[in-house]
Structures are given as structure tokens and as C-alpha cells.
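Hello,

Here is the structure I promised to pass on to you. Have a look at it first, and then read on for what turned up in it.

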Amino acid sequence: MKVEFAPLNIPLARRLQTAAVLQWVLSFLLLAEVCIGIMGILIIYNYWFIYIPYLTWLYFDWRTPEQGGRRSSWVRSWTVWRYFKDYFPIHLVKTQDLDPSHNYIFGFHPHGVLVAGAFGNFCTNYSNFKELFPGLTAYLHVLSIWFWCPLFREYLMSSGPVSVSKESVSYVLSKEGGGNISVIVLGGAEESLDAHPGKFTLFIRQRRGFVKMALAHGAYLVPVFSFGENEVYKQINNPKGSLLRRVQDRLQKIMKFALPLFYARGIFQYNFGLMPFRKPIHTVVGRPIAVRRTPNPTPAQVEELHQTYLEELRKLFEEHKGTYGVAERDTLVFR
């Protein structure tokens with residue numbers, strides 16, 4: 001295989017974009033482990049004056065990820081995130097105004113491998129979110145296990161993510177006066193194993209918890225489809241029933257997060273590596289589905305709203321797929 005190297009005369013802005021995405025990928029893959037290692041070293045070498053105050057504070061702060069988190073506008077405004085967004089680039093697209101007097105659940109699809117579109121649009125100040133949706137604040141819900149990692153949890157929360165637990169979602173949607181959005185990647189870790197370029201498989205048929213939450217709080221449901229999310233990485237072929245997929249499914253059930261074997265390009269060459277491809281991501285926010293508050297919904301009410309959501313999600317995809325390079329024959333597959 002002939003290796004295609006990047007030219008030497010690449011503009012500085014593109015090099016900075018590459019550096020920004022590299023640190024994000026490494027943070028996603030390694031920073032939690034590094035932070036755990038640092039804490040272990042502090043304990044082993046008995047730096048008690050550091051770890052005892054931190055662990056004491058951590059005990060009292062443990063539930064913060066379930067109570068709106070602790071975002072930092074300073075961290076979200078780091079210049080590195082502007083270069084991160086421009087690398088792909090990432091775009092947020094509005095189809096309809098949202099009334100800030102309501103609370104909303106954004107169902108984000110697809111998961112992709114590393115959910116770059118969700119992070120770029122809802123966890124940095126370089127998205128045009130505030131201009132498109134004035135008066136609204138978005139909370140990206142992620143796996144609770146990320147907040148179990150000492151030190152790393154502080155860095156993660158500073159960008160705005162909160163836990164995806166039921167208590168966390170309820171906290172956001174229970175805020176009086178409206179103006180809050182719970183952004184939930186509904187396919188979860190399981191869906192990332194089917195994140196292949198040109199594929200649109202969504203794990204949504206058995207997901208009803210978000211519908212129950214919407215009914216319980218009267219939160220409007222909004223389907224969101226991120227075109228290009230599955231295009232930034234390739235995966236080693238892992239069809240259902242294969243040995244690799246069986247191992248991945250087993251590990252996902254044990255650890256609660258998936259291990260897709262993904263690859264794309266490198267830093268200085270275009271043939272292999274863990275850097276994502278420079279593929280545009282367009283995150284399209286669909287029409288809101290009005291939901292009447294129903295504290296104790298019946299199974300029939302949950303099913304009806306779930307079907308309505310699936311129909312609106314499919315409509316959103318079909319209406320916009322031609323604009324963002326999806327072939328007419330391609331359609332969503334619900335599992």
C-alpha cells in the first residue's frame with residue numbers, strides 16, 4: 001500500500017485544526033486513564049495533603065453531574081474548540097424556532113464513533129447555538145461512568161456534559177420557566193458498533209425511557225440528525241454474528257460502553273491512524289413535537305408518542321438527506 005503523506009506547505013490554520021482534534025481524540029481515549037494513574041501515584045507516594053482534601057471534596061461533590069453539572073464559559077471558549085469545529089467542519093442547522101418558555105429533549109442521531117457533532121455543537125461556545133436558539137441552554141448527557149474518574153470528571157464537566165441518569169435528565173427538565181434542553185444520544189454505546197460510512201442504522205425501537213421522561217415533565221421532543229457523523233471514521237468489519245461483534249457486544253454489556261475498532265487517517269499521512277477524516281458534519285435540528293405533561297403515562301400513551309417521534313425522525317432524514325450528500329435510495333434502519 002502506497003502511503004500518501006500530507007504536503008509540507010499546509011496553511012498554519014489547518015495544522016492548528018489537526019492539533020486541536022488530536023488533543024480531543026487523545027483526551028477521549030486516554031485522559032481518564034491518565035487521571036486515574038495520577039490519583040494512584042498521589043496515594044501510593046502518600047501525598048495526603050493533595051489527595052485527602054480532593055477526595056473529601058469529591059465525596060460532597062459526587063452528585064453534581066446529576067444536578068446540572070459545572071460548566072465553565074472560559075473552558076468552552078478556548079480557541080482550541082474553534083479549530084476543532086473548523087477541522088471537519090461542524091455546522092448546526094435550524095429548521096424551526098423553539099419557544100424558550102418550554103423545556104426540550106433533543107434526540108441526537110446517530111451516535112457515530114466519538115459523537116463529534118454533539119460535542120462541537122453543544123459543548124463549546126463556537127457553535128452558533130446561542131444565535132439560532134436564543135434563551136435556551138443545552139445539556140449534553142453522557143455515560144455516568146465518565147464522572148466516576150477523579151480529576152477527569154472536572155475537566156469533562158467544564159465543557160458542559162452531565163450524566164445521562166434518570167435523575168440528571170429529570171433535574172434539567174424540572175427547571176422552572178423553561179429554556180432547558182436535554183441532549184441525549186439515544187442510540188447509546190450499542191449504536192456506535194454500527195457506525196459505518198454510508199450506513200444509517202439507529203438503535204431506537206426499544207428506547208422508550210426518553211419518551212416517558214418527556215411525558216412526565218411535559219418536555220417537547222425534538223429529533224436531531226447529524227449528517228456526516230458516521231463518515232468521519234471507518235471500522236473494522238463487524239457484522240452481527242461475527243466473532244468480533246460477539247466479543248464487542250459482550251464487552252459492551254459488561255462495561256456499559258462499546259469498543260469499536262475504528263480508524264481513519266494519521267497526523268502526517270492520509271492512509272491510516274486515529275485522526276478522523278475531514279468530512280463536514282451538519283447537525284439538523286427538526287420540528288418540536290408538543291408533549292402534554294402526563295406524570296403517570298399509560299403504555300399506550302408511551303407507544304403513541306414513540307411512534308410519532310420515529311415518524312418525525314424519518315421525515316427529518318428524508319427531507320434533508322439530498323442536501324447533505326445522502327443517496328436517494330438510502331434510508332434509516334430502526335432497530
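A good place to begin is the pairing of β7 with β10: these two strands run antiparallel and are joined by 4 bridges. Within that pairing, Val224 stands opposite Val285 of β10. Please keep in mind that this is a predicted model.

β7 also pairs with β2, and here the strands run parallel, with 6 bridges between them. In this pairing Ile105 stands opposite Leu221 of β7. Strand β7 spans residues 220-227, and 8 of its 8 residues are buried. Tyr220, Val222, Val224 and Ser226 point one way from the strand, while Leu221, Pro223, Phe225 and Phe227 point the other way.

Now for the sheet as a whole. It is an open sheet of 7 strands with mixed pairing, in the order β1-β10-β7-β2-β5-β3-β4. The edges are taken by β1 (90-94) and β4 (162-163); each has a single partner strand, so one side of each has no neighbour in the sheet. For β1, 5 bridges lead to β10 (residues 281-285), and the two strands run parallel. Val93 has Val284 of β10 as its bridge partner.

After β2, have a look at the loop that leads to α5 (116-122), where you will find His111. Is His111 buried or exposed? Its relative accessible area is 13%, so it counts as buried, the cut-off being under 20%. Leaving aside residues up to four places away in sequence, His111 touches Val185, Gly188, Ala189, Glu191, Ser192 and Glu229.

Among the helices, α1 (residues 12-44) bends by about 55 degrees at Leu30. Its buried residues include Trp24, Val25, Cys35 and Met39. The cover over the buried residues of α1 includes α2 (48-61), α4 (79-87), α5 and α7 (152-158). Following α1 comes Asn46, with a positive phi near 55 degrees.

Finally, there is a helix pair to look at. Helices α10 (residues 209-217) and α12 (residues 299-320) pack at an angle of about 110 degrees, their axes 9 Å apart. That angle makes α10 roughly perpendicular to α12. On the α10 side the contact is made by Phe210, Val211, Lys212 and Leu215, and on the α12 side by Gln301, Val302, Leu305, His306 and Tyr309. Sorted by class, this contact has 6 nonpolar, 2 polar and 1 charged residues.

Enjoy exploring it!

Best wishes

Methods
Residues numbered from 1 in each chain as written. Predicted model: local features only at pLDDT ≥ 70, side-chain atom pairs only at ≥ 80, totals over all residues. Heavy atoms only, no water. Axes fitted to C-alpha atoms, helices over the stretch in contact; angles between N-to-C directions. Parallel < 35°, antiparallel > 145°, perpendicular 65-115°, else oblique. Contact = heavy atoms within 4.5 Å. Nonpolar A, V, L, I, M, F, W, Y, C, P; charged D, E, K, R; others polar. Pairing = 2+ DSSP bridges. Buried < 20%, exposed > 50% of the residue type's maximum accessible area, 1.4 Å probe, protein only. Bend = angle between axes of the 7 residues up to and from the residue.
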